[in-house]
Amino acid sequence: ANDLVCDSQFPHAMSVLEKLMTEEASFCVSIAAFNISFLANVERVASTSVITTLVTIVKRGPVLCSQLCIGALLNMSLHAPFHDQLSMECLEAITTVISTATIAFPIKLDCLHFIYNLATQHQPARPLAIDAGVVPALWRLVKTQSDNEIILCIGRILMELCTEAEGRPNALLHDGIMSILLKMSKIELAPLKVDLARAMFALTVPEGPETMKLLKYDGVDVIFWLTLHDCLKLYDYIKKNCARALLNFTCSKEQALALCKEDRFLAIMKELAKSADQDVLWNAASICYNLMSIEECKKIMIDRGVIALLFDIAGCNIPAVQHVCSACIHMAPDDMPDMDDPAVLHLVMCLLDADGEMFGELNKRAVDQLPYEWGSKCEGTVHSVEGTDFTGHWISLTCDVDKVFYAAAVPLQVTGSSSVPVKGLSASSLEFPHHELLDAAQYNDFKPNIRAIEGPASGRVADLASA
């Protein structure tokens, strides 16, 4: 098998067999590709026609051949030299297989792992996956699967695809990214919530009308479910991404007004205020400051109890956070609490020690992704083939002419060169007769010309006499 992979004619032979378009030929190609995909030197067939041949069989079938080809492609996705070609040629066919209801689940699982390997290991594959319709295909899987490993795999893929939202936000929204995020955010798996929180933040990074659509398409509800339950050591990381997503919503007046009217917004802010992480508390205070800076939002926030929320955020005793909370309280002098309380007095007066320049940074969008400390778990296929029942044999190929005419033996005399007669190079050697003048007297049909002998006058006398 190693020698076969090293043969330069192997890709061409695979292509020729596939073009026969018979099930036997397709199976031979599929099983050969499947077997060599486990070899260490399978990278020798990278950037050849082998991938194109396998994709053709995946689209055409039959199912057994498609399963073998998908398993081979999955194993090849573990090797970096294949990533470019796999991303360009395979994603559409793989997505179609996942979306087909009649395909067995083990085949779909190999397709899911194939997308996972490319999305996590090869950044250029992510926008191509969005264009190939991977999100709707994953949505169909989420509706029917409850296995934690599968759900975690889908969540990681979605997170990687959302990091490419800056170029394709409308495509993601059109494919139903918010519906799948909302459903999965209710699943109590801490690693899954980490990936979904990063995905939600990544969707808010692009600045434009698409961010407003996130609010309308249950964006706040997704964040609410992500922050609802404690995820132990991962909770602060989840809150960091959620707080940054909310901060990006407040950088636009229209979006900020829609955000402060959301029913679950204050519940999320109260969860953020419970954090001990400085980044979470800083962003929570910045969210309140941006909303209080907009007159229409300030009235709504005061009616919803923002003053008590500010004291909860300021309870961290972090000076920079307290300064921002103090500035927010000064924006609502009519609703300021009793100054006889030392805690209230301290928070109100601490604004005198604040650095005025820091307030200019509160309205800036968060665009930098937090470091991701969880690696990827790339897997090959678990499908195996014990062997084939093929035996080598020869067949006779005939055409219609062969069925009518049969070959016959023709006796040929074989003589030596010494017995061949040789003629001289002359006219006689060509067997041409010599040229001779013919004598008219030898033929009875030729008679003398009387007129020529007797003359013109005697000819006329003879004519009269005969008359």
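Methionine 339 is found in the loop that joins helix α23, residues 319-330, to helix α24. In this predicted model, methionine 339 is partly exposed, with a relative accessible area of 33%. This value falls between the limits of 20% for buried and 50% for exposed residues, and therefore methionine 339 belongs to neither of those two classes. Together with Leu345, Met349 and Leu352, Met339 makes a nonpolar surface patch of about 380 Å².

Met339 is also one of the contacts of valine 348. Valine 348 lies in helix α24, which covers residues 342-349. With a relative accessible area of 6%, valine 348 is buried, whereas methionine 339 is partly exposed. When neighbours within four places in sequence are left aside, valine 348 is in contact with Ser326, Ile329, His330, Met336 and Met339. For one of these residues, histidine 330, the separation from valine 348 is 18 residues in sequence. In space, the C-alpha atoms of valine 348 and histidine 330 are 7.4 Å apart.

The protein chain as a whole contains 27 helices and 0 strands. Of its 467 residues, 46% count as buried. The chain exposes about 25,700 Å², and carbon and sulfur atoms supply 55% of this area. Among contacts with a separation of 6 or more, 77% are accounted for by residues 24 or more positions apart.

The largest nonpolar core has 142 residues. Those with the most contacts inside this core are Phe114, Ile154, Ile177, Leu181, Leu246 and Ile313. The surroundings of phenylalanine 114 can be listed, leaving aside its neighbours within four places in sequence. Phenylalanine 114 is in contact with Leu73, Leu74, Ser77, Leu86, Cys90, Leu91 and Ile94.

A buried residue with a charged side chain name, arginine 126, was examined next. Arginine 126 lies in helix α9, made up of residues 125-131. Its relative accessibility is 13%; because the limit for a buried residue is under 20%, arginine 126 counts as buried. Not counting residues up to four places away in sequence, arginine 126 touches Ala119 and Thr120, as well as Glu160, Leu161, Thr163 and Glu164.Backbone geometry was considered in three loops. The loop between α2, residues 10-18, and α3, residues 23-36, is the place of methionine 21. Methionine 21 has a positive phi of about 60 degrees although it is not a glycine. The relative accessible area of methionine 21 is 59%, and this residue is therefore exposed. Serine 47 lies in the loop between α3 and α4. Phi of serine 47 is likewise positive, near 60 degrees, in a residue other than glycine. At 64% relative accessibility, serine 47 counts as exposed.

Proline 62 is placed in the loop between α4, residues 50-60, and α5, residues 63-76. The peptide bond that leads from glycine 61 to proline 62 is cis, and its omega is near 0 degrees.

Definitions and conventions. Residues numbered from 1 in each chain as written. Predicted model: local features only at pLDDT ≥ 70, side-chain atom pairs only at ≥ 80, totals over all residues. Heavy atoms only, no water. Core = buried A, V, L, I, M, F, W, Y, C linked by side-chain atoms within 4.5 Å. Buried < 20%, exposed > 50% of the residue type's maximum accessible area, 1.4 Å probe, protein only. Contact = heavy atoms within 4.5 Å. Helix = DSSP H or I, 4+ residues; strand = E, 2+ residues; numbered from the N terminus. Patch = residues over 30% accessible without salt bridge, like charges linked within 9 Å, V, L, I, M, F, W, Y side chains within 5 Å. Areas by Shrake-Rupley, 256 points an atom, 1.4 Å probe, with all protein chains shown as cover. Salt bridge = Lys/Arg side-chain N within 4 Å of Asp/Glu carboxyl O.
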